[in-house]
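Got the viewer open? Let's walk through this one stop by stop, picking a selection each time and looking at what is there.

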Amino acid sequence: MSDDIWILGIKMTKFGKHPDKDTVDLASEAALAALADGGVTMKDMGVLAAGCLMQASAGIGQQLQKQIGQTGIPVYNVANACATGATALRTVIMAVKAGECDMGLAVGVEKLAGAGLLGGGGRAKSDAKTWTPSGRYGAVATTDGRIGTDAMPGVFAQVGMEYGHRYGGASFELFARISEKNHAHSTLNPLAAYSKRFTLDEIMNDMMIAYPNTRPMCSANCDGAAAAVVVSDAKLKTLSLEQQRRAIKVSASVLTTDPWQEACQVLPDVNTLTRNAATTAYEKAGIGPEDLDLVELHDCFATAELVHYDNLMLCPEGGAVDFFESGASWRDGSTPVNVSGGLQSKGHPIAATGIANIWEICHHLRGEAGDRQIPGAKVGLAHVIGLGSACGVHILEKAAA
Amino acid sequence: MTPQVPLVDYLSLGEHPHLVAHQCSGCGARYFDRRNGCANCGGTTFGSAEVATDGEVRSFTIVTFAAPGVPVPFVSAIVDCDGTSVRANLINVEPSPELVTLGMKVRLATYSLGIDDNGTEAIGFGFEPS
Ligand SMILES: [Zn+2]
């Protein structure tokens, strides 16, 4: 018996607009589909971890149980920004690994269709009638827009531009071409919120949100859910050969936060924690970046994808621009990245994202990805970043048998 | 003379406006917010450090779509002030990628946010091309 951990069943809903479904409907749909995919039921689950970031205090786990099975198992409602889904999965993996139970369910769901700008806040910003200091900076007025930007498109624009400053070669056009790739990939994904191919001109001439990110270079707010059933190695060996054949090995499951760096409280450092997570994951899995058949990384903005080529060590340090220019990250390249279409076209229902990207990898490793199948895929990596920050990296492998 | 108040408490006004950081006595890490301790070394004693007013743009974005009530466009930047990173707007420069560039040299500048009902003027800061 080994202490290996496996994904037994996994599913994502269609991402997009679901006006007739609430978060519990979407979570139920994903959870029941993941259970069915694994050939198990709620009665087999020993733990449930669930997240819905926009309703983080609503107890989505128990709400879900009320619909699909109040079996009395412990529920962990988790919130970790855009890494919420990965955190739910990691929580279940830790419980199974600790021997608390032999099977568990992780669920992430979000209703975001029509939501506006994230990070800057939806409320209108206005100043008080008198200049009165408040908050940790003693600010007498709104600082968003006066002392830089709080909104995500600008924060991540600065992340990409900083990389460009350090290593060169990162132009507006280069970032737009990264987006062109992901939108092209999305045309093969029937579950993507948007599956329209854009020309480079269309991307560059679309509405500018925060230079160099235009609208199609930003992740798409949408509705969606994803769920995964985790099983221990010992339990899997008691299940059917078909269940064992389709099970996907979790070779590494890592969650990190951002260690202190000069400047990290001025501009969030999304690099160090990703590099740390990737380093640990490669060590645990005994796998190197050159072994990966596909990667789903957190392209919340086109400017973010570039830096994560480097952070995940898909290229030599400083070599992300050359890596992209070589065509490596296209679906027919040496390390296909975001063949799902990524967050820019597949969509980014926040808490669902960290499980949906793992579903994408599993889908290919099982050889079930249809038109967008990466032929012969055996190993994949899924990465998410939640600003604040939290980073989840999972390395997944096809069953040997 | 109209009484003045800085936009944030780490902006020191007077004849030579500059930013003042909380500097960890243990490791030298600098912070602009009120501190409970040092995120780098765990120390709890801080002194104050004057931040250089000349710097270099290490990253920027031109924000053209923002939360309601935030005037656009504006240039948000990360400025390297002699080793201390500062978040600020770039001011007194047209917000265009032709005129704002990575590595450009800038210096601290202040401007008025207006006078409130008590007759107090708030003073903000940004960085302008030098
Ligand atoms: Zn310190």
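Start with chain B: select it and you should see zero helices and 10 strands, where helices are DSSP runs of H or I with at least four residues, strands are runs of E with at least two, and numbering goes from the N terminus. Followed along the sequence, chain B reads β-β-β-β-β-β-β-β-β-β. Its C-alpha trace spans about 40 × 40 × 30 Å along the principal axes.

A bit of housekeeping before the next click: this is a predicted model, with local features needing pLDDT of at least 70 and side-chain atom pairs counting only at pLDDT 80 or more, while totals for chains, interfaces and linings use all residues. Residues are numbered from 1 along each chain as its sequence is written, chains are lettered from A and ligands numbered from 1 in the order in which they are written, and side-chain values use heavy atoms, with hydrogens and water left out.

**Stop two: where the chains meet**

Now show both chains. In contact (heavy atoms within 4.5 Å) are 43 residues of chain A and 55 residues of chain B. The size of an interface is often given as the accessible area lost when the parts come together. Here the buried area is about 4,200 Å², and carbon and sulfur atoms give 58% of that; the term means the accessible area, with a 1.4 Å probe, that two parts lose on being put together, summed over both.

Which charged pair should you zoom in on? Try A:D150 and B:R87, a salt bridge whose closest N and O atoms are 2.5 Å apart. The rule, a side-chain nitrogen of Lys or Arg within 4 Å of a carboxyl oxygen of Asp or Glu, finds two salt bridges across this interface.

Next, colour the side of chain A that touches chain B by element. The elements giving two or more residues to that side are α4 (152-167) and β5 (208-211) of chain A. With seven residues, α4(A) provides the largest share.

Stay with β5(A) and add residues 54-63 of chain B. That stretch is strand β6 of chain B, and two bridges join β5(A) to it in the antiparallel sense; strands pair if DSSP finds at least two bridges between them. Look for A:A210, which stands opposite B:V63 in β6(B).

**Stop three: the sheet in chain A**

Hide chain B and bring up the strands of chain A. You'll find an open sheet of nine strands with mixed pairing, in the order β3-β2-β4-β7-β1-β8-β11-β10-β9. β3 (75-77) and β9 (294-296) stand at the edges with a single partner strand each, so one side of each is left without a neighbour in the sheet.

Go to the β9(A) edge and select residues 379-386 of chain A as well. Those residues are strand β10, which pairs with β9(A) in the parallel sense over three bridges. A:E296 stands opposite A:A382 in β10(A).

**Stop four: a link between helices**

Select A:E325 and A:R177 next. They form a salt bridge, with the closest N and O atoms 2.9 Å apart. A:E325 lies in helix α11 (residues 320-325) and A:R177 in helix α5 (residues 172-186) of chain A, so this pair ties together parts that are 148 residues apart in sequence. Across the whole structure, over all chains, a search finds 18 salt bridges.

**Last stop: backbone oddities**

Most residues other than glycine have a negative phi, and most peptide bonds are trans. Where to look, then? Zoom to A:Y211 and A:P212: a cis peptide bond joins them, with omega about 5°. A:P212 sits in the loop between β5 and β6 (213-214) of chain A.

Another cis peptide bond joins A:G388 and A:S389, with omega about 10°; A:S389 lies in the loop between β10 and β11 (390-398) of chain A.

Finish at A:N338, a residue other than glycine whose phi is positive, near 55°. You'll find A:N338 in the loop between α11 and α12 (342-345) of chain A.
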